[in-house]
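User: I'm just starting to learn how to read protein models, and I'd like a close look at one part of this one. Could you walk me through its pockets and what surrounds them?

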Amino acid sequence: MKLEVFTEILNKLRKQSNKQDALYALDVDLINYSDDHNSVINILLEVYYGKEGADWISWYLWERDPDGTSDQATTSDGKPICYDDKSLWKEAEHCRLLNDKEYELPPKLTDEERLQVLTMIQNGL
């Protein structure tokens, strides 16, 4: 994938997330509406970049310290990676080239497993 396309995807994901955050601040919860849409995007990213590449993208967008001061990702020899859009693209493309696994849907939870998860959430884990 070209860098410009990758960057556009990241920008669209950020923009959509910001809209949802703004609506949530106004007590409008869109999780039931947007959950399937987000799942499709995550599946497509994982199909294209592999699990590791999709994980890097998810970390970069939603989990990392934007300044990179407290949790900068590095290679095994200490070189920084995934510190801006271009370096994330390089890492994701590297993961894509190494990916040789076909994507598989995660197994569905049984009713009993769902109940266990709900009970754990209700009890505060």
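How do the residues of the lining of the largest pocket divide into nonpolar, polar and charged?

Analyst: Happy to help! One thing to keep in mind from the start is that this is a predicted model. The lining of the largest pocket divides into 13 nonpolar, 7 polar and 4 charged residues.

Let's build up the picture around that answer. The space in the largest pocket comes to about 520 Å³. Its lining is made of 24 residues, and those closest to the centre of the pocket are Leu13, Gln20, Asn38, Asn42 and Trp62. Two elements, H1 and H2, each give two or more residues to this lining. H2 provides the largest share, with 14 residues.

It helps to know where those helices sit in the chain. The protein chain has 4 helices and 0 strands, and reading along the sequence gives the pattern α-α-α-α. Helix H1 covers 3-25 and helix H2 covers 31-63. As for overall dimensions, the C-alpha atoms fit in a box of roughly 45 × 35 × 30 Å along the principal axes.

Now compare the second largest pocket, which has a volume of about 190 Å³. Its lining consists of Glu46, Gly50, Lys51, Glu52, Asn99, Lys101, Glu102, Tyr103 and Glu104. Sorted by class, that lining holds 1 nonpolar, 2 polar and 6 charged residues.

The pockets are open, but there is an enclosed space to look at too. Rolling a probe the size of a water molecule over the atoms shows where empty space is left. The structure holds 1 cavity of 30 Å³ or more, and the largest cavity has a volume of about 30 Å³. Around the largest cavity you will find Met1, Phe6, Ile9, Leu10, Leu45, Tyr49 and Ile57. This lining has 7 nonpolar residues, with no polar and no charged ones. H1 and H2 turn up again here, each supplying at least two of the lining residues.

Some of those cavity names come back when you look at the nonpolar core. In soluble globular proteins, nonpolar side chains tend to be buried together. Here the largest nonpolar core has 18 residues, and Phe6, Leu10, Tyr49, Trp56, Ile57 and Leu88 touch the most other members. Two or more residues of this core come from each of H1, H2 and helix H3 (85-98). H2 gives the most, with 8 residues. Leu10 makes a good example to click on: leaving out residues up to four places away in sequence, Leu10 touches Ile57, Tyr60, Leu61, Asp85 and Leu88.

Stepping back to the whole chain, 24% of its 125 residues count as buried. Among contacts with a separation of 6 or more, 61% are between residues 24 or more positions apart.

Finally, take a look at helix H4 as a contrast to the core. H4 spans residues 111-122, and its 12 residues reach 16 Å from first C-alpha to last, close to the 16 Å expected at 1.5 Å a residue. The number of buried residues in H4 is 0, so this helix lies largely in the open. Just after H4, Gly124 takes a positive phi of about 75°.

Key: Residues numbered from 1 in each chain as written. Predicted model: local features only at pLDDT ≥ 70, side-chain atom pairs only at ≥ 80, totals over all residues. Heavy atoms only, no water. 1 Å grid on protein atoms, 1.4 Å probe; cavity = no way out; pocket = protein on both sides within 12 Å on 5 of 7 lines; lining within 4 Å. Points joined across faces, edges and corners; volume = space filled by probe spheres on them. Nonpolar A, V, L, I, M, F, W, Y, C, P; charged D, E, K, R; others polar. Expected span 1.5 Å × (residues − 1). Buried < 20%, exposed > 50% of the residue type's maximum accessible area, 1.4 Å probe, protein only. Core = buried A, V, L, I, M, F, W, Y, C linked by side-chain atoms within 4.5 Å. Contact = heavy atoms within 4.5 Å.
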